[in-house]
Amino acid sequence: MCGITGYRVLDGDARPWAEGLPRAVTSLQRRGPDDSGVWFGAGQRVGLGHRRLSILDLSAHGHQPMTSACGNWHMVFNGAVYNFKALRAELEPLGHRCAGRGDAEVILAAFAQWGPDAVTRFVGMFSIALWHVPTQRLHLLRDRLGVKPLYYRWDGDALCFGSELKALRAFDWPPVIDRDALLDYLRYGYIAAPRTIYERVSQLPPAHRLVLDERGGPQLHRYWNVLDHVGRRHDRSEDELADELEALMTDAFEQRMIADVPVGVFLSGGVDSSLLAALLQKRGGRQIKTFTIGFDRPEYDESRYASDVARHLGTDHTCRVVGADDVRHLLPRWADLYDEPFGDESGLATFLASQLAAEQVKVVLSADGGDELFGGYASYTAALQQWAWIEKLPLGLRRAAAAAIGGVGASRIDGYLSARPGSVAGRLVGSPVSMLAKLGARIDARGIGEVFDRALAHFACAELATLIGRSDSTRDDAEVYPGAAGEKLCLWDLHHYLPGDVLTKVDRATMAMSLEGREPLLDHRLVEFAFSLPFILRRGSLGPKHLLKKVLHRHVPPALVERPKRGFALPLKEWLASELRGCVDRYLDPRHIAQQGLFDPVTVGRYVRRLHAGDVAVCQRIWLLLAFQLWHERWAS
């Protein structure tokens, strides 16, 4: 795991870019504290930079930037290609020799042999930059699911790129906030590819390759698409498919244990992480290390479930209980962890878990992706149930009902009820009255995609119009994807929420501790298998994750893992109203908001007053605004 950066200048003075490259490399030090390097070519009109976290082959043979034996290719690489031994066995009879034992040399030899299409042979996670001398082309590549990040900026004359936005900022260009990206952030809590918080700066989408030559701007090419695998039908029995799934997972999990340093597993005690730990403990031949965190508020602390699973499996388990003070000390680092606005508060817990794991290991496996692959999110259940009821009503009637409820205002009902925690009205929060207000925002939806999109939104359109002066969404909804309603939701999350939120969270949290995070459930072979299944096998008689649970129950008793999913849920509502109140008052001071000029200070002040009055419904909006202000003070002030 490493950090990469670089640039390519087509027109203009290349010296400022060459001077910026060492700064960009330094900005990524936490991603790779073990080694660094830079390379310049074409009269300094191209440069590559690298920070190394030594995981495979700890010798100097893994130093980057790396040049192919033929001299035609120069490369920097972040990530891991787990099938490198098989690739090396295929390349050696073709005349390629690798001096070291790691994957980087093999990857470079593969490009020298097969060109950029070699990426289709890789099993792993990666972001790669390649300079091809004969064609004078820069190639940027990102793995199929977007586990590893890659950002770039193109201004018409030059392109710079990096594993994080802070590396791009080191090249010293004038940043301008993209208002469409800001709208996305407020709606969803994150910014998905290809957009970033800055104008003219993009994320390379997962499963894409970018090519820049001397003839013009960047060209994007998709090299893999999960939609090619959706909807296949299997003629095998459910038990046979469970056997195949277990075999695929076992291979994927064991590949991600390959390292020359200690490896551990994040264990929450839920379905996905328990299955990961179970298969590794069963097949690994050694006691695996597992890690979890708990919270000092009992109603949020689920660490006991992880401990129960660890005890059953016999893992070497470590748990740490954290509280509001840990979070308060972490908040000043939030904007350096996530160098564009990021509102998933579980990133706090993921960082604290990474901090714990880094005390004992240098690689940690995280069981993300199971919900997207096997329909596990509760939001799917809610959206499907709501749409099943909504679609039975005539559209005209639904529009009239939405107008009637909207006349009162969902946020007004929401605020009236939740701001009175001690009254009868306050006890109606979550009741049919409150649910009616929320349903009014969805009842006139034209399909499951709109229902899902509106359910995900943290701010209603009317609130956004008041807060930032616009509310129009520019994102595709789930309707663009094929298949039945549930299939559409899984595919939407796979393309948006998974890379934009979940994988961003894990990458930044682990890298901040110089810890390599690996995602075994996102082996592309597993993804292809999951989406080829009939949806009834992903959400069947065992509920969400039906086939996954069939495999898990072979190794872990259902009683240990069958409970409502919480993930790393923090007591954020309680903390914002108590221990973190000082942070809220400081960063959301309406006078400061007015000077900033991005948000309506009256609206922000109203949210803060509602929070202090005990309004739990406004907590998520407060947190999103607070997280943005933390970012703005660090990067935009």
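Strand β5 is the top contributor to the lining of the largest cavity in this predicted model, putting in four residues. β5 covers residues 73–81, and it shares the job with α3 (104–114) and β17 (516–518), since each of these three elements supplies at least two lining residues. The cavity itself comes out at about 200 Å³. In total, 21 residues line it, and those closest to its centre are Arg52, Leu56, Phe77, Asp103 and Ala104. Sorted by class, the lining of this largest cavity is a real mix: eight nonpolar residues, seven polar ones and six charged ones.

That cavity has company. Counting those of 30 Å³ or more, the model holds six cavities. Next in line is the second largest, with a volume of about 90 Å³. Here, helix α20 (residues 497–512) takes the largest share of the lining, with three residues.

What else turns up around the second largest cavity? Its lining includes a run of residues from the middle of the chain numbering, namely Tyr338, Asp339, Glu340, Pro341 and Phe342. Tyr151, Tyr190, Ile191 and Gln203 also belong to the lining, and Gly500, Thr504 and Arg508 complete the list. By class, the lining of the second largest cavity splits into six nonpolar, three polar and three charged residues.

Key. Residues numbered from 1 in each chain as written. Predicted model: local features only at pLDDT ≥ 70, side-chain atom pairs only at ≥ 80, totals over all residues. Heavy atoms only, no water. 1 Å grid on protein atoms, 1.4 Å probe; cavity = no way out; pocket = protein on both sides within 12 Å on 5 of 7 lines; lining within 4 Å. Points joined across faces, edges and corners; volume = space filled by probe spheres on them. Nonpolar A, V, L, I, M, F, W, Y, C, P; charged D, E, K, R; others polar.
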